[in-house]
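Me: I've got a structure on my screen and a few things I'd like to ask about it. Can we go through them one at a time?
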Amino acid sequence: RDTMLCRHVFAAAQRAVRAGAPRMGARYSTKPGGSWHGGRSTADAVSDIIYKTPTAQKTAHHMHVLNCFMQDEPGILTRATGIMAARGYNIDSVVVSRTEIPGLSRMTITVNGEQAVVQQARKQLEDLPQVWAVVDLSDAKVVEREILLIKLSTLGADTLACAANACTPRQPLSPSTVHRRERRLAAEDAEDAPSDAPYLQVVESSKRLSYIRNLANMFGARVADVGADCCIVELCAKSERVDAFMKIVAPFGILEAARSGRMAMSRAAKLSLFEESPQESAEKAEAPDLSHLPPS
């Protein structure tokens, strides 16, 4: 009976989500002999899971990853990216590097657009004389990585870094904000600073550095450089994981950040030497059966 009730609640909740109805999990409850988890009925637990699960956004644009193999010639990068720009697409990232073959470069283009238009741009890339091949890895099983170098403040997001630390330029401040900061700095200079202020900053910097190191270890990153008032963290992970790490460490104060862009490579087609690959299985299935023919 409980199983039938859970199925009924699951179907009703799905219909409510599609119709945009309010939450209805509280209207269903099991009898005293039913299963309870943490003071909630099974029906309430299933309803909460359905409402807390995010739904996928349907869109006509998808992320496409193209690997373009080309010769090392001047101007080929401009012509390749110009084809995408002519279609009105803003390229998300472009990574160009040398390969194991001398004179051959590998360019990974990540673009968000429609399938038909991206495939047409791919054919135009293949028509370039300097391009050897273009491989579409959008629907393939790939290994994606992106490298992030981020400089974080260890004295707080509101503390100005010294001139030796380069920072990413921000937009200009309004005149009122500039005058307010000048008055605040003048008031601080008028007061006598305590003699142990540098020691307090060292203790605060050590605490923040410890927090940053713990977060970096959770994401598989490492602290590449440490200074008196800032540190540099290096992270090699998927682009989504890099985005999540930057959002988490933003309260510490991001002084500078540099991302390499998405790099992609297809996974191994064969996972075991004792099993046939999908391509070999398909070739055997397509081969005609000649056993019923008479001997020649």
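What follows is a short run of questions and replies on this predicted model.

Me: What average pLDDT does the protein have, and where does pLDDT stay under 50?
Reply: The protein averages a pLDDT of 76, with 64% of the residues at 70 or above. The stretch to treat with care has 35 contacts beyond four places in sequence in the model, yet its pLDDT stays under 50: residues 21-37.

Me: Which strand pairs with both E7 and E8?
Reply: Strand E7 (residues 142-153) has an antiparallel partner, joined over eight bridges, and Glu-146 sits opposite Ala-237 there. Strand E8 (residues 222-226) also runs antiparallel to its partner, through four bridges, with Arg-222 facing Glu-234. Just three residues separate the two strands of the hairpin that E8 helps form. The partner in both cases is E9.

Me: On how many sides of H7 do its buried residues Ser-239, Val-242, Phe-245, Met-246 and Val-249 lie?
Reply: Those five are buried in helix H7, residues 239-249. They cover an arc of only 120 degrees around the axis, so they share the same side of H7. That makes it one side.

Me: Is the aromatic pair of Phe-219 and Phe-245 stacked or edge-to-face?
Reply: This is the one aromatic pair in the structure. Its ring centres are 5.2 Å apart, and because the planes sit at 65 degrees, over the cut-off of 60, the label is settled. The pair links distant parts of the chain, 26 residues apart: Phe-219 is in the loop between H6 and E8, Phe-245 in H7. Both residues are buried, and their rings are edge-to-face.

Key: Residues numbered from 1 in each chain as written. Predicted model: local features only at pLDDT ≥ 70, side-chain atom pairs only at ≥ 80, totals over all residues. Heavy atoms only, no water. pLDDT = per-residue confidence, 0-100. Contact = heavy atoms within 4.5 Å. Pairing = 2+ DSSP bridges. Buried < 20%, exposed > 50% of the residue type's maximum accessible area, 1.4 Å probe, protein only. Arc of directions from axis to C-beta. Phe/Tyr/Trp six-rings, centres within 6.5 Å; stacked < 30°, edge-to-face > 60°.
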